[in-house]
Amino acid sequence: MKGCGNNLKNKRLAISGAILVIVVIIAVIVFTVLAKNNGSAEKKVVNNFTEALQKQKYDAIAPLVVSDKANDEKNSEDIVKRYKNVFDSLEVTETKITNVDVKKDEDDKKYHFSYKAKYKTFLGWTEEFKYKGSFVEDNEEVKIAWQPSLIIPFMSPGDKIAVDNTAAKRGEIVDVNGEKLAFNKQQKQAGLYPDQLKLGKGQKENLKSIAALFDVDEKILTAQLKQEWVQGDSFVPIKIVPLSFKVPDAINGVTMKEVRARYYPYSEAASHLIGYVGEVSAEDIKKEPTFKPGDLIGKSGLEYTFNKRLKGENGGSITVVNDVTDKADNVQMKKAVNGENIHLTINADIQAKAYEELKDTVGSYTAMDPKTGGLTALVSVPAYDPNKMTAGITDKDYAKYESDKNLPFLARYTARYAPGSTFKTITAGIGLDAKKIDPLKKRAITGLKWQKDKSWGDYFVTRVSDVPQVDMTDALVYSDNIYFAQEALSMGQDTMENGLKKLPFGTDFKLPLDMADAQLSNKGINSDILLADTSYGQGELLITPIQQLAMYSTFARDGKLIYPHLEVTKNAPKETEIFIKETAGKVKNALYETVNRPEGTAHGLQTAGKHIAAKTGTAEIKEKQDTKGDENSFVLAMDTTDASYISITMVEKSNVNLKGKKIVDVTKPILGFYYDNLK
């Protein structure tokens with residue numbers, strides 16, 4: 001009986017175990033069914049799908065989608081290709097997806113999904129679109145039942161995306177009178193026509209002739225023809241040419257189309273100031289992702305500085321077009337906003353005349369209206385042709401510019417120089433204001449060189465004219481270094497420095513030009529020799545011609561310095577008093593004498609009926625005293641009757657670059673043109 005009890009117990013245990021197994025199996029089945037129907041698989045698919053769209057990894061959606069038979073896209077590869085084609089054409093750079101949701105529909109008892117998305121296209125951000133879709137089973141896997149409406153919600157099978165680009169018109173740069181300095185002109189774009197190159201003498205000979213005709217390296221033309229996109233009937237750009245340009249009949253393979261291209265009517269005369277435009281480089285695109293290949297941007301000068309204002313904003317439209325009805329529904333639309341016109345204070349006539357007179361030298365001409373502070377001329381020579389730069393300069397021509405020792409790309413009106421004797425006007429003003437200089441007191445000076453005492457060693461201040469008795473006006477007329485050195489030492493370092501601190505040394509004028517601040521000295525005026533040298537415009541002074549104009553404007557404006565500007569404005573000019581009115585008048589009268597007295601260094605500017613005040617200056621650059629160095633020459637000139645102009649002419653290495661002329665010789669015709677045409 002005992003054994004029977006054990007058997008019964010074992011049977012009960014076996015039955016219990018079997019029941020437990022059955023329960024577990026049933027639980028697993030129920031769990032699996034529930035798991036299959038709680039939407040977790042669907043959620044995973046949608047999350048992966050939207051994540052791939054947001055990251056623009058379209059290949060990743062291939063295993064997640066199945067296309068309906070009614071679609072043009074017959075498989076997942078077609079769907080991926082469609083996404084790439086559409087979003088590439090829209091230039092989508094960013095996608096934002098939100099509100100991803102999966103819900104079971106109470107009617108059909110199936111899961112459906114929805115989400116919101118917007119895209120950053122070439123027109124900016126689109127509106128937020130609402131998407132919805134459903135699922136299908138494919139080989140026992142949950143996948144998205146893909147439709148074109150998952151690209152744009154209102155797309156149907158057969159619909160296409162149409163893209164229209166509307167380029168903004170680049171703004172013009174004009175002078176004070178509205179004369180155009182940079183504008184878009186109807187010109188011809190010359191290009192290669194690959195199929196026609198084979199005609200006549202054949203491709204090799206035609207390319208050789210074309211290279212010579214357009215002054216382009218034949219290797220460059222060959223490389224352009226090898227680009228991936230080039231087909232037999234493609235237009236392969238060579239360069240911009242005038243409308244009158246004609247291709248000889250003997251040359252085949254060149255075709256023309258009319259384009260509106262940037263044009264600079266004053267060419268070299270305004271090249272440093274205006275600059276030029278060119279196609280964006282890879283580096284430009286890296287700095288500004290909104291740029292795309294083929295875009296034109298400012299590369300130098302004001303074209304570069306004002307590029308954002310000049311270029312405007314491109315517009316266009318993105319539409320969904322029904323393949324049957326041709327009905328177009330807007331996805332995104334933006335009106336093009338043309339660029340702003342930049343209105344400068346520059347007078348193009350003076351600009352052109354100054355360039356004509358200086359073009360055979362190395363230097364600059366800088367002029368300002370001292371009543372307003374408007375800069376009226378900014379000329380630098382030698383210069384370059386901005387039309388060549390924009391049309392497509394040859395490597396040969398560019399190399400010629402780059403190898404030129406006279407630096408044709410340097411804007412000399414923003415380069416810093418020792419101002420030379422023009423700065424004596426400032427020393428005179430400081431001394432008069434501080435009542436340290438008596439303008440009528442004669443100083444007895446013997447010989448052509450002088451030093452304070454033996455502590456100066458072999459250092460001497462030198463002068464050009466041996467005049468035994470010199471007062472302030474005489475010293476400006478003769479440009480006497482010794483007089484001003486002695487006056488500076490007499491007034492002392494503190495007086496001199498206090499006067500100089502009123503001037504805009506270390507001040508940013510906020511001009512749209514690349515220009516370092518004016519420098520008075522490296523570490524203060526810390527010696528008598530440096531004080532003496534500073535008094536006549538040498539030492540450690542470094543001042544651009546524009547900054548000189550501002551400083552010297554005090555003498556044209558009754559002691560008030562005016563800050564220069566380059567754009568026409570209705571705002572009142574910024575000014576500050578440097579000297580009292582009587583001081584400014586005395587210095588200006590002395591400069592008038594410098595022109596009208598026969599012994600004056602600026603006497604060459606004297607013109608009947610013209611009231612000109614002027615001061616010449618020479619800054620010598622040499623290794624040591626008693627040696628001959630190169631000279632930079634300056635002329636400061638202003639009108640004494642109505643403060644209508646003030647100008648600085650500068651010639652580098654004038655002992656060489658003036659070719660036997662004097663700096664007043666190249667300045668006089670510019671001033672004469674001003675009086676004859678503009679006053």
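This report describes a helix, a strand hairpin, two cavities and one glutamate in a predicted model.

## Helix 19

Helix 19 comprises 12 residues, 545-556. At 1.5 Å a residue, this helix should span 16 Å, and its end C-alpha atoms are 16 Å apart, so expectation and model agree.

Of the 12 residues in helix 19, 12 are buried, and the helix is therefore largely enclosed by the rest of the structure. The buried residues include the polar Gln 547, Gln 548, Ser 553 and Thr 554, together with nonpolar ones, among them Ile 546, Leu 549, Met 551 and Phe 555. After helix 19 comes Asp 558, which has a positive phi, near 60°.

## The hairpin of strands 2 and 3

Strand 2 covers residues 94-104 and strand 3 covers residues 111-121; the two pair in the antiparallel sense over nine bridges. One of the residues involved is Thr 98, whose bridge partner in strand 3 is Lys 116.

Six residues lie between the two strands, which form a hairpin. Within the turn, Lys 109 adopts a positive phi of about 60°.

## Cavities

Searching the whole structure yields two cavities of 30 Å³ or more. The largest has a volume of about 50 Å³. Its lining consists of Ile 350, Tyr 365, Ala 367, Thr 376, Tyr 645, Leu 671 and Tyr 674. Strand 17 (363-369) and helix 22 (663-678) are the elements that each give two or more residues to this lining. By class, the lining of the largest cavity holds six nonpolar residues, one polar residue and no charged residues.

The second largest cavity has a volume of about 30 Å³. Leu 53, Tyr 58, Phe 87, Thr 95 and Tyr 119 form its lining. Four of these residues are nonpolar and one is polar, with no charged residue in the lining. Two of the lining residues fall within the hairpin strands described above: Thr 95 lies in the range of strand 2, and Tyr 119 in that of strand 3.

## Glu 356

Glu 356 is located in helix 11, which runs over residues 348-358. Its relative accessible area is 42%, which lies between the limits of 20% and 50%, so Glu 356 is classed as partly exposed. The range of helix 11 also takes in Ile 350, a lining residue of the largest cavity.

The side chain of Glu 356 makes a polar contact with the side chain of Lys 359, at 3.2 Å. Glu 356 and Thr 425 are 69 residues apart along the chain, and their C-alpha atoms are separated by 29 Å.

Terms used. Residues numbered from 1 in each chain as written. Predicted model: local features only at pLDDT ≥ 70, side-chain atom pairs only at ≥ 80, totals over all residues. Heavy atoms only, no water. Helix = DSSP H or I, 4+ residues; strand = E, 2+ residues; numbered from the N terminus. Expected span 1.5 Å × (residues − 1). Buried < 20%, exposed > 50% of the residue type's maximum accessible area, 1.4 Å probe, protein only. Pairing = 2+ DSSP bridges. 1 Å grid on protein atoms, 1.4 Å probe; cavity = no way out; pocket = protein on both sides within 12 Å on 5 of 7 lines; lining within 4 Å. Points joined across faces, edges and corners; volume = space filled by probe spheres on them. Polar contact = N/O pair within 3.5 Å; in protein donor to acceptor, adjacent residues only side chain to side chain.
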